[in-house]
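Please walk through the model shown below, beginning with its open and enclosed spaces and moving on to one helix and a group of aromatic rings.

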Amino acid sequence: MANILITGGAGFIAGALAARLAEDPANFVVIIDNLITGQKSRVPLRENIVFVRGDVNEIRDIQSLFSIHKFDYVFHYAALVGVKRTLDNPVSVLRDIDGIRNIMELSVEHKVKRVFYSSSSEVYGEPVHIPQNEHTTPLNSRLPYAIVKNLGEAFLKSYQKEYGLDYTVFRFFNTYGPGQSEDFVVTRFIRAALEGRDITVYGDGMQTRTFCFIDDNVEVCAGALGKDVFVNDVVNVGSDDEVTILDLAKLIISLTGSESKIVHLPPLEEGDMTRRKPDNAKMRDFLRRDLLPLESGLREIIRILS
């Protein structure tokens, strides 16, 4: 049996990960979340999953969990998320450093075998190299959210060097799927289209993103544990199929048969990178199959929301 802690486990990606890990009855999964951005409804109802409401940034909220459950593995996904929320609350973003430090200290103390960390494509900042490679592309974002993610990666590498605590860093590129909140662009656009509301796009909409369906994300992240890969390594988790935000809006309007209009808002002052495209060779080598095409993923969400 493996005892696994998932922080931020009521989040979109982490909740799906918990469900996947709990499919193995030999796993016992503890989820902790403060429910500021997470939703209790995302916590899978399974006998081998336990939910605890708490804040990893407060050591007293998690110290006893490590003592009681003797975790073998930790997935540290807890973080303040959402572009607007993180830009509006930079001090709250910086508080996540406390959570990273708490997880690392307790993992060393209780002899955790490996810590898996949800980093972000935001660490790359404005593109310097395309595609963005895990080990050759500079990390140059100046935004608080990205700086904290980058700092988290530095914590993992430092603790591995000094204490031998193994790690895996996942750099997520725009994961989407059923159940995601409207804080994120795909769900926001689809809901607007289904309701016939205007779809708002910042600037000219020519900024590009790549979109990874939740099932592809989870297969890689759960598989990193199950198949013991990406040890002391960084892996981009995302599609390499670029699409402009404007074309995303047009595609969603077409797929929904909506009469929604696209309305252009002034560009964001910061935080809206012009282009993202990962070098996802490691992910593809692991999956040994194609990722789900964007149109197929969008059709699945539209089917569920319609």
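In this predicted model, the second largest pocket holds about 260 Å³ of space. Fourteen is the number of residues that line this pocket, and those closest to its centre are Phe12, Gly15, Ala16, Ala19 and Ile214. Two helices, H1 (12-22) and H7 (214-226), each supply at least two residues of the lining, and H1 gives the most, with five residues. Sorted by class, the lining of the second largest pocket consists of six nonpolar, four polar and four charged residues.

From this open space we can turn to an enclosed one. When the whole structure is searched, one cavity of 30 Å³ or more is found, and the volume of the largest cavity is about 70 Å³. Its lining is made up of His76, Ala78, Ala79, Val93, Asp96, Ile100, Tyr117, Tyr145, Val148 and Lys149. Helix H4 (90-109) and helix H5 (144-163) are the elements that give two or more residues to this lining. By class, the residues around the largest cavity divide into seven nonpolar, one polar and two charged.

Helix H4 also appears in the surroundings of another helix, H2, which spans residues 59-69 and whose buried residues are Ile62, Leu65, Phe66 and His69. Which part of the helix do these buried residues line? Seen down the axis of H2, they fall within an arc of 95°, so they line one face of the helix. The general background is that an α-helix has 3.6 residues a turn, so residues three or four places apart point the same way. On the face of H2 that is turned away from the buried side, the exposed residues are Arg60 and Ile68. The packing partners of the buried residues of H2 are strand E1 (2-7), strand E2 (27-33), strand E3 (49-53), strand E4 (73-76) and helix H4. Just after H2, Lys70 takes a positive phi of about 50°.

Strand E4, one of those packing partners, leads on to the aromatic rings. Across the whole structure, a search finds 13 aromatic pairs. In one of them, the ring centres of Tyr73 and Phe116 lie 6.3 Å apart and the ring planes stand at 55°, so the pair is tilted. This pair links distant parts of the chain, with Tyr73 in strand E4 and Phe116 in strand E5 (residues 114-120), 43 residues apart. Both Tyr73 and Phe116 are buried.

How are the rings of Phe75 and Phe116 arranged, stacked or tilted? Phe75 and Phe116 form a stacked pair, with 4.3 Å from centre to centre and 10° between the planes. Here too distant parts of the chain are linked, since Phe75 belongs to strand E4 and Phe116 to strand E5, 41 residues apart. Why does Phe75 count as buried? Its relative accessibility is 0%, and buried means under 20% relative accessible area. Phe116 likewise counts as buried, because its relative accessibility is 0%.

These pairs belong to a wider arrangement, in which ring pairs link Tyr73, Phe75, Tyr77, Phe116, Phe170 and Phe172 into a cluster. Within that cluster, Phe116 is thus a partner both in the tilted pair with Tyr73 and in the stacked pair with Phe75.

Methods: Residues numbered from 1 in each chain as written. Predicted model: local features only at pLDDT ≥ 70, side-chain atom pairs only at ≥ 80, totals over all residues. Heavy atoms only, no water. 1 Å grid on protein atoms, 1.4 Å probe; cavity = no way out; pocket = protein on both sides within 12 Å on 5 of 7 lines; lining within 4 Å. Points joined across faces, edges and corners; volume = space filled by probe spheres on them. Helix = DSSP H or I, 4+ residues; strand = E, 2+ residues; numbered from the N terminus. Nonpolar A, V, L, I, M, F, W, Y, C, P; charged D, E, K, R; others polar. Buried < 20%, exposed > 50% of the residue type's maximum accessible area, 1.4 Å probe, protein only. Arc of directions from axis to C-beta. Contact = heavy atoms within 4.5 Å. Phe/Tyr/Trp six-rings, centres within 6.5 Å; stacked < 30°, edge-to-face > 60°.
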